[in-house]
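The following paragraphs offer a guided reading of a protein model. They turn from aromatic rings to the nonpolar core, then to pockets and to a single residue.

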Amino acid sequence: MDLLTSLPPSTHVYCGHEYTLTNIEFLRSVAPRTNNTQLQKAIKTYHSRAVALRKEKLPTVPSTIGDELAYNLFAKCRELDVQRAVDCIEDPIGTMRALRELKNNF
């Protein structure tokens with residue numbers, strides 16, 4: 001993830017699936033634990049944009065690295081508020097593992 005997050009913010013991110021709305025629901029379930037209002041606002045904006053696109057039967061991808069850094073918890077594993085949210089202080093790999101486990105069981 002460090003390699004991806006080090007790319008320029010304008011770099012396009014293409015995924016091979018359209019799970020954006022499901023992913024947003026996961027983000028919305030975990031984000032309040034971070035007490036990060038900026039993150040929660042970014043997720044809300046992302047959700048509104050994705051719903052509008054899907055309503056028009058348009059894809060939500062690509063995103064950009066800048067977008068991912070704003071709202072993707074997996075891209076924020078080095079941030080203390082995200083680490084606290086999953087009880088993995090100062091452990092970005094443990095944070096990634098905990099987020100993945102939460103997502104697997106979501």
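**Aromatic pairs, core and pockets**

A search of the whole structure, which is a predicted model, yields three aromatic pairs. In one of them, the ring centres of phenylalanine 26 and phenylalanine 106 are 5.6 Å apart and the planes stand at 75 degrees, so this pair is edge-to-face. Phenylalanine 26 belongs to helix α2 (residues 20-30), while phenylalanine 106 is found in the segment after α6 (92-104); the pair therefore ties together parts that are 80 residues apart in sequence. Phenylalanine 26 has a relative accessibility of 2% and so counts as buried, since the limit for that class is under 20%.

Another aromatic pair, formed by tyrosine 46 and tyrosine 71, is stacked, with 3.6 Å from centre to centre and 10 degrees between the planes. Because tyrosine 46 lies in helix α3 (residues 37-55) and tyrosine 71 in helix α4 (residues 65-71), this pair ties together parts that are 25 residues apart in sequence. Both tyrosine 46 and tyrosine 71 are buried. Ring pairs also join Phe26, Phe74 and Phe106 into a cluster.

Some of these aromatic residues appear again in the nonpolar interior. In soluble globular proteins, nonpolar side chains tend to be buried together. The largest nonpolar core here has 19 residues, and those that touch the most other members are Phe26, Leu27, Ile43, Tyr71, Leu73 and Leu99. Helices α2, α3 and α6 each contribute at least two residues to this core, and α3 gives the most, with five residues. For leucine 73, leaving out residues up to four places away in sequence, the residues touched are Leu27, Val30, Ala31, Leu39, Val82 and Leu99.

The next subject is the space left open between the atoms. Rolling a probe the size of a water molecule over the atoms shows where empty space is left. The largest pocket encloses about 630 Å³. It is lined by 25 residues, of which Val13, Asn23, Glu68, Asn72 and Phe74 are the closest to its centre. The elements that provide two or more residues of this lining are α1 (2-5), α2, α4 and α6. Sorted by class, the lining of the largest pocket comprises 15 nonpolar, seven polar and three charged residues.

The second largest pocket has a volume of about 180 Å³. Its lining includes Met1, Asp2 and Thr5, together with Phe74, Ala75, Lys76, Cys77, Arg78 and Glu79. Also part of this lining are Pro92, Ile93 and Met96. Both α1 and α6 supply at least two residues of the lining of the second largest pocket, and α6 gives the most, with three residues. By class, this lining holds seven nonpolar, one polar and four charged residues. Phe74, a member of the ring cluster, thus appears in the lining of the second largest pocket and is listed among the residues closest to the centre of the largest pocket.

Finally, attention may turn to threonine 64, which lies in strand β2 (residues 63-64). Is threonine 64 buried or exposed? With a relative accessible area of 18%, threonine 64 is buried, because the cut-off is under 20%. Apart from its neighbours within four places in sequence, threonine 64 is in contact with Pro9, Ser10, Thr11, His12 and Val13. Val13 is also one of the residues closest to the centre of the largest pocket. Threonine 64 and glutamine 38, by C-alpha positions, are 18 Å apart in space and 26 residues apart in sequence.

Technical notes: Residues are numbered from 1 along each chain as its sequence is written. This is a predicted model: local features need pLDDT of at least 70, side-chain atom pairs count only at pLDDT 80 or more; totals for chains, interfaces and linings use all residues. Side-chain values use heavy atoms; hydrogens and water are left out. Rings of Phe, Tyr and Trp (its six-membered ring) pair if their centres lie within 6.5 Å; planes under 30 degrees apart count as stacked, over 60 as edge-to-face and the rest as tilted. Helices (H or I, at least four residues) and strands (E, at least two) are DSSP runs, numbered from the N terminus. Buried means under 20% relative accessible area, exposed over 50%, partly exposed in between (1.4 Å probe, protein chains only). On a 1 Å grid over the protein atoms alone, a cavity is a set of points where a 1.4 Å probe fits but cannot get out, and a pocket is an open set with protein on both sides within 12 Å along at least five of seven lines; lining residues have an atom within 4 Å of a point. Grid points are joined across faces, edges and corners, and a volume is the space filled by probe spheres set on the points. Ala, Val, Leu, Ile, Met, Phe, Trp, Tyr, Cys and Pro count as nonpolar, Asp, Glu, Lys and Arg as charged, and the others, Gly among them, as polar. A nonpolar core is a set of buried Ala, Val, Leu, Ile, Met, Phe, Trp, Tyr and Cys residues joined through side-chain atoms within 4.5 Å. Contact means heavy atoms within 4.5 Å.
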